[in-house]
Every structure is written in structure tokens, then in C-alpha cells.
Amino acid sequence: MSQRRMRLPLQLRPLALAWMPALGAALAGPGLAALAAPATAAEPPAPAAAASAPARAPSSRVVVKGKAILTVSPKATYTQSVISEETIRNLSPAPTVTIQTLLAQQPSVFVYANGPTGVETNVYLRSFNSSQFSETFAGVALNDLFNGGVTNSAENRNNVLLIPSNIQGVDVYRGINNPSVNSYNSLGGTVDFTPRQPDAVAGGAAGVSAGNYGTFGVHARYDTGDWHGLKQVLALTHTSSRGWIDHTADHNNNFYWGLTYAFGPTAHLANYLLYNDNRGLSPYNMPAPLQQQYGRSYQWPLNYTSAPIHDTNWMDIVDFSAALSHDVVLRNKFFFGRNEYLRTSYSNPAFQQSATQPYTLEDTPTGFPFWLSNAAGPTYDPVATFGASDVGTAYHFYGYTTSGVGDSPSLHISLPGNDIVLGANLTSGKLHSREYWYGSAPVPQVTGYNNAWDEHDSRTLWSAYAQDTVSLLDDRLLLTPGVKFIHARTTDSDAVGFYYPLAGSVSDSEHFVSPTLGANFKVADSLHVYASYGKNIKLPDISAYYGAFQTDANGNPTIVPPQVKPEYVQDYELGARYQAGGLSVALNAYRENFSNTFITRTDPTTQLSTTTNGGGARYQGLELQLAQDFGAGPAGDFSGYLNLAHNQAKFTSSFTSDFAGTVTAGQPLAGVPERLVSAGLVWKLAGWRANVDARYVGRQYIDQAYAGVPSAATIAAYTVVNLGLSDTIELPASGPLRTVRLGLNLDNVFNRQYLNTAFTDTDYFGNAFVRGVVAPPRLVTGSVDVTF
């Protein structure tokens with residue numbers, strides 16, 4: 001069955017302690033694009049209106065075309081870093097490289113993928129998981145409307161939307177930022193991906209890559225060039241791999257269409273369409289004793305258990321801007337999308353946990369049709385149909401479909417000494433989550449017969465904000481005050497199912513005021529200091545509503561209205577930036593106080609559970625960024641970077657939750673390392689390019705299975721080194737091709753062996769052991785690309 005009904009380990013949602021035993025329809029994925037933030041500083045350019053647009057210098061990049069290292073404007077009033085287009089275009093084509101894993105070179109980002117081409121990608125920013133910070137594309141949030149995450153939540157294991165070739169830059173805002181940048185659920189920060197822009201010159205590119213573990217990729221791109229102000233880019237990409245773990249093959253197909261059109265000198269239209277289709281097999285957390293016995297790549301044979309997964313994801317953004325006057329620019333973003341995740345898992349009754357096979361399998365069948373005791377419940381009898389309950393529930397179909405539409409208008413007003421931004425957002429989304437059990441595939445989907453659950457949910461969000469950038473003391477002091485009002489309306493409607501004793505609907509409304517303030521002072525031409533404060537919320541996940549449908553101590557079906565309010569964070573930042581010549585240094589300290597976290601408690605008399613707020617945690621740390629452009633010389637052009645982060649995340653209160661167990665003040669959160677270091681060096685000469693990147697990940701505590709609290713067991717610290725080498729050859733102008741690029745990449749050069757993620761468990765005999773997913777070994781990938 002789906003993990004919906006399991007007690008989730010805290011590392012999946014460090015402080016969301018309210019997961020009900022019914023934990024099904026949780027995260028859609030990027031395709032919904034259901035949460036929207038207004039235009040960000042990193043949004044794609046609007047050439048037609050640029051002359052009249054406010055400067056917005058405090059959050060702009062310092063961009064040097066063709067450079068691997070970019071720096072943030074020293075005037076920025078919040079903590080920010082960037083990833084350049086040149087870095088993105090030279091990423092390894094290995095199946096482990098995704099839109100999230102490219103963030104690993106940034107401070108305080110911990111990310112890994114358990115399978116190829118984006119399967120089961122998990123990303124943390126300052127120890128906040130993906131449901132607790134926002135990822136945006138052209139300023140439109142990719143986070144799921146109902147649970148806040150982007151990838152690998154609610155069993156959406158392969159909900160890929162974006163791939164690296166879809167973008168041309170990334171802005172990473174760590175911590176709460178001003179209202180025009182942050183989004184709903186933006187506690188740990190905001191990551192904004194800039195869409196790939198069409199080229200003004202007609203042409204294109206094509207390429208192929210191949211590597212070990214059956215890795216193969218092919219791509220093609222065409223730019224139409226500038227035709228009376230209309231420019232377009234169309235791209236197709238296919239990637240596949242059999243995976244470094246047995247039975248985890250995956251195939252991904254991606255289509256991207258970008259369009260820009262200039263309506264004369266004062267108006268600009270852009271459209272970005274994304275479509276992605278991913279099919280594969282799921283990786284599992286495997287018992288360490290079996291990995292030691294059969295090899296690190298071992299996974300359950302397909303006749304034991306398997307889970308084919310298929311995700312289809314798309315999104316479209318229509319971005320319009322117009323200069324109403326020299327000082328006023330109107331911008332509007334209309335967006336819509338859909339994500340559908342489908343999985344039919346199989347767990348063989350003959351190989352379930354026993355004295356001869358002491359480990360639990362995933363998606364286990366049930367030994368007793370417990371739902372038949374409810375006269376109003378589903379009527380499916382697996383014993384009558386297949387002869388035994390476990391045989392009749394060996395197949396589980398799980399579907400998760402979301403759709404959303406939204407609009408984000410904003411008005412930019414440039415005045416002497418002030419840059420004012422007024423904006424709003426309205427987003428509406430729907431969710432259909434369902435799981436059905438049967439004894440064969442395809443699994444019939446008949447509500448009221450064999451559904452574990454079948455629910456239809458809706459959520460509508462709207463927000464309005466105002467912010468100002470105030471320049472004082474002859475532009476030496478910049479202040480960026482802002483405020484945002486957020487409102488949410490959520491409805492959860494469930495049919496009678498195995499886990500739902502009655503049908504019904506519950507609804508709830510929430511609202512919150514989010515203030516922010518940033519300040520930047522110029523100490524000297526090369527040195528700026530800044531400080532900032534912000535407060536933002538995490539809306540209750542849809543899972544907080546599932547527990548409303550219960551059976552009391554007397555066996556009566558009962559609806560218990562949800563009594564949960566948003567979690568919230570107060571963020572304090574203090575930092576400094578030094579930039580001189582080719583050297584850039586940024587140092588900052590932060591503290592984020594996490595309050596009102598979700599917990600679940602059961603009344604001992606009525607046996608009814610209620611999700612409420614309680615408990616807290618503190619996320620704090622230091623971040624250092626060093627970047628050096630050594631410039632060009634006889635030996636070539638060198639540049640390098642070094643990032644260090646110390647992130648401490650600990651509970652600040654003691655409490656007991658039914659599904660998380662006892663939490664003690666001072667306990668660290670599991671699944672997130674305290675120390676992260678990344679460093680790299682790039683060399684370029686006469687078409688040749690080489691890069692070496694290293695990443696150190698400190699020790700991590702791991703969770704106890706089902707209890708969800710940290711254990712004494714850990715994943716040891718590890719270091720991974722990657723190498724890249726390419727040669728770009730310029731061809732004669734008279735031929736059909738312009739360039740040929742030959743590339744070779746080695747990822748995990750020293751074949752470091754470690755676990756991506758793990759938790760402790762006990763076997764049939766009560767012996768403790770560790771389950772985990774092995775990280776990818778050494779990957780070797782070659783590529784050939786041509787432009788025309």
C-alpha cells in the first residue's frame with residue numbers, strides 16, 4: 001500500500017508531526033505549479049519594458065557573460081547566491097544530475113536522487129525539506145498546492161517537470177526574503193529558476209550522450225531567431241538509464257517551448273510551456289545485511305515486490321509586461337498546469353516477513369479484510385474472490401492527480417529614492433487522490449467496492465503585498481520593508497473506503513500577515529553589511545484533514561473537525577559582502593525559530609485523534625561563500641569557488657505525538673547534516689574546458705522506523721569528487737555546422753560508497769538493522785554536441 005498510512009520519519013518532514021495514519025494524497029509535483037509568487041528579481045528579462053522598469057538593484061545579479069562564477073550585487077539586503085548559465089550548460093549528462101542536484105554547489109543545500117533521471121529526489125535548504133521552502137520557475141511556484149513539496153512526496157516518486165536544459169540561471173534566496181520573491185510555504189528560502197530564453201539568431205543544437213549503467217541521452221533544440229520581434233526556442237530531450245541499483249530503470253522525455261514577443265518599445269509578452277513524461281521502477285530502502293550479502297546494487301527481485309511508476313507533468317506560463325509611463329511598469333503572469341502520478345505496486349504474499357525471510361517488504365498486502373466490519377464500507381471481499389486476504393490485496397493501484405490555475409499581477413513604481421512594488425496572487429487547485437486494492441492487475445477502480453480511499457480536495461490561495469526599496473544617505477543605505485497578507489481556503493471530501501468509516505467533507509480557512517525588513521549599508525566601495533528579518537508560514541498539509549474521519553471508542557463513525565493552524569518561522573539574518581577585483585566573499589549568520597509545529601494527540605476516552613499545534617525548533621547556522629575569478633593568462637582562464645555551511649537544527653521543546661513518539665528538547669533533526677562544504681575549480685583555454693568539483697557532507701542522524709524520532713545511528717560523513725573535460729571545436733563558416741563539442745564526465749571519481757538515506761528497523765526476530773538506499777557509484781559519461 002502507499003506510504004500514506006505509515007508513520008513518516010521526521011527527516012521527510014522534520015517538524016510536521018501531525019501525519020495521520022491516513023497519509024495518502026500528499027504531494028503533486030512541479031506540474032501543478034499551483035502556488036505562485038509574484039515576479040522575482042531573477043525573472044527573465046522583459047526587453048521591451050526594460051527602459052522603464054525600476055532598477056531593483058538590491059536583488060540583481062552581477063552578470064558577466066560566459067563566466068562560470070557569478071556574484072550577487074553587494075547592495076542585496078537579503079542572503080542570496082546565483083548559478084550561472086555557463087555552469088548549467090556544462091553540467092554532467094550523468095543520470096544523477098537534475099534540476100535539484102545542481103543546487104548542491106550552493107551553501108546549505110543538501111540534495112540527492114535515489115534513482116536515475118530524477119526518481120526520488122530529496123532536497124533540503126538550511127535543513128528545511130522541500131515542502132518548507134519554495135522553488136519557482138519565472139517567479140511561479142513549482143510547489144504542490146496541497147502539501148508544499150516539489151519532488152518525491154505523497155509517493156510521487158518521479159514527478160519531474162524541469163530539467164537543466166530548460167533553464168539559463170538560478171537565484172538561491174536563503175531565508176525569508178521580500179514579498180516579491182518569497183512564496184507560500186517559503187520558510188527556508190526560495191529557489192528561482194530562470195527560463196531558457198530564445199536566441200535572436202536562428203540556429204540550433206543536437207547531441208547524444210552515453211555512459212555506464214545503460215545511460216543514454218539525446219537532445220535537439222531549435223531557435224527561430226528574431227522575426228519582427230518574435231523569438232522562439234523549441235527543445236526535446238530524452239534520457240534513460242537502467243540504474244545503479246537492480247530493477248530501477250527509468251526513461252524521461254521532456255519538451256520545452258519558450259516564446260518572447262516585443263510589442264514595440266513598451267510592451268513585452270513571453271510564454272513558457274513545459275511537458276515531461278517519466279516512466280520507471282521504484283528504488284527501495286533495502287536491509288543492509290542483504291546488501292552486504294548480495295552486493296550494494298541488490299534490490300528485491302521483481303517476483304518479490306515491484307512498483308512501476310508513471311508521471312505526466314505539464315505547465316504553461318504567460319508573462320506580459322507593459323510600461324504605463326517612464327516610471328510605472330505593469331506585469332501579469334497567468335499560469336496553469338497538471339500533474340498525474342500513477343503506480344501499481346505488487347507485493348508477493350509468498351515472500352512476506354517470516355522466519356525464512358525476516359525483512360518486511362514494501363506495499364504489503366493485508367491478512368484480514370478489516371473494512372468488511374463496517375456495514376457502510378466497501379464491499380470487496382478478497383477471500384471470496386481470490387481465496388485469501390493477502391492474495392486478494394497483493395496489488396495496490398495509487399493515483400494522484402492535481403490541476404491548478406492562477407494569476408499574479410504586479411505594479412512596479414520607480415520614484416526618486418524609492419522603488420515600490422505592489423502585487424497580488426490568486427491560485428486555485430484541485431486534487432484527486434485514490435488507492436485501490438485487488439488480487440490481479442490491472443486493478444479495477446470502483447468506488448465503494450475496493451477503494452482504500454478516494455478523495456477530491458480543493459484549495460484556493462490568495463495574497464496581496466507591498467514592498468519598497470528606499471535609498472538613503474546618497475545611496476549608501478538601502479532599506480527594503482515589505483508586508484504580505486495570505487489567505488487559504490481548503491476542502492477535503494472523502495468517499496467511504498477501507499480507511500474511511502464514513503463519507504463526508506471538512507473545510508477550513510486560514511490567514512496570516514507576513515512582514516519583512518532588510519537593510520544594507522555601504523561601509524566602503526568594496527564592503528557592504530546587511531541585516532534582515534522576516535516571518536512566513538507553512539500552511540497545513542492536506543494530510544492534516546484526513547484524521548477528521550474516525551471511529552470513536554463505541555465504534556461509531558465520527559467526523560472530528562481539524563483544529564490546526566499554520567506553522568510559522570521567524571528569520572533573523574546578519575551578513576557582509578566583500579567584492580574587489582575578481583574576489584568575492586560573503587559571510588552570514590542566521591537564526592530561524594520554527595513555531596506552532598503540527599502534532600497529533602488521541603483522547604484516551606473517546607479514542608478520537610486531533611491534529612493541533614505544539615512544539616518548536618531552532619534552525620541556525622553560519623554560511624561562507626568565496627569566489628575568485630583569476631582572469632585569463634598564458635596558461636588559461638581560471639576561476640574557483642568555496643562554500644562552507646554549518647547548519648544546526650534542533651527541537652526547542654519536549655512533547656509527545658501519537659505518530660512521532662516522544663520528542664525531547666535539544667534533539668537534532670534526523671536526515672540532515674550539520675556541515676556542508678563544496679568547492680570547485682574551472683579552467684578554460686582555446687576551446688578546452690575542465691572543471692573539478694568536490695562536495696563534503698557531514699554526519700547525519702537517522703530516524704527510527706515508524707517512530708519518526710532520531711536514533712543514535714548515523715550515516716557517516718563522506719566526500720564526493722566530480723570531474724569534467726570538454727573541447728569545443730569551431731568549424732569553418734562555410735559548412736552546415738558551427739561547432740562540435742566533445743565531453744567526458746566522471747562523477748564520484750573515487751567511487752565513494754555511502755548511503756543517500758537510511759532509517760533503523762527490526763527484523764522478524766527483533767534484531768535491529770539499518771535500511772537504506774545506496775548512493776550512485778562512479779559514473780562515466782561521454783557526450784557529443786553540435787551547433788548549427
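This report describes a five-stranded sheet, two nonpolar cores and a nonpolar surface patch in a predicted model.

**The sheet around β6**

The strands of an open sheet follow the order β3-β8-β9-β6-β7, and their pairing is mixed. At its edges stand β3 (79–83) and β7 (140–141), each of which has a single partner strand, so that one side of each is left without a neighbour in the sheet. Strands of a sheet pair through backbone hydrogen bonds, in either the parallel or the antiparallel sense. Strand β6 has one partner of each kind, as the table sets out.

| Partner of β6 (residues 134–137) | Sense | Bridges | Residue pair |
|---|---|---|---|
| β7 | antiparallel | two | Thr136 and Ala141 |
| β9 (residues 189–195) | parallel | four | Glu135 and Val191 |

The link from β6 to β7 is a hairpin with two residues between the strands, and Ala138, which lies in the turn, has a positive phi of about 60°. In a regular strand, side chains alternate between the two faces of the sheet. Along β6, Ser134 and Thr136 point one way, whereas Glu135 and Phe137 point the other way, and all of these residues are buried.

**The nonpolar cores**

In soluble globular proteins, nonpolar side chains tend to be buried together. The largest nonpolar core of this model has 36 residues, of which Phe146, Tyr398, Tyr400, Leu461, Phe498, Ile542 and Phe549 touch the most other members. At least two residues of this core are supplied by each of the strands β19 (395–415), β20 (418–438), β21 (451–472), β22 (477–494) and β23 (504–524), with β20 giving the largest share, four residues. A second core, separate from this one, holds 32 residues, among them Ile83, Leu125, Val233 and Leu274.

**The surface patch**

Where on the model do nonpolar residues form a patch? Such a patch lies on the surface and is made up of Val208, Phe216, Val218, Ile729, Leu742 and Val784, which together have about 430 Å² of accessible area. One of these residues, Val218, is placed in strand β11 (residues 215–223). Because its relative accessible area is 36%, a value between the limits of 20% for buried and 50% for exposed residues, Val218 counts as partly exposed.

Definitions and conventions: Residues are numbered from 1 along each chain as its sequence is written. This is a predicted model: local features need pLDDT of at least 70, side-chain atom pairs count only at pLDDT 80 or more; totals for chains, interfaces and linings use all residues. Side-chain values use heavy atoms; hydrogens and water are left out. Two strands pair if DSSP finds at least two bridges between them. Patches are made of residues with over 30% relative accessible area and no salt bridge: like charges are joined within 9 Å, nonpolar side chains (Val, Leu, Ile, Met, Phe, Trp, Tyr) within 5 Å. Accessible areas come from the Shrake-Rupley method with a 1.4 Å probe; for residues, only the protein chains shown count as cover. A salt bridge is a side-chain nitrogen of Lys or Arg within 4 Å of a carboxyl oxygen of Asp or Glu. Buried means under 20% relative accessible area, exposed over 50%, partly exposed in between (1.4 Å probe, protein chains only). A nonpolar core is a set of buried Ala, Val, Leu, Ile, Met, Phe, Trp, Tyr and Cys residues joined through side-chain atoms within 4.5 Å.
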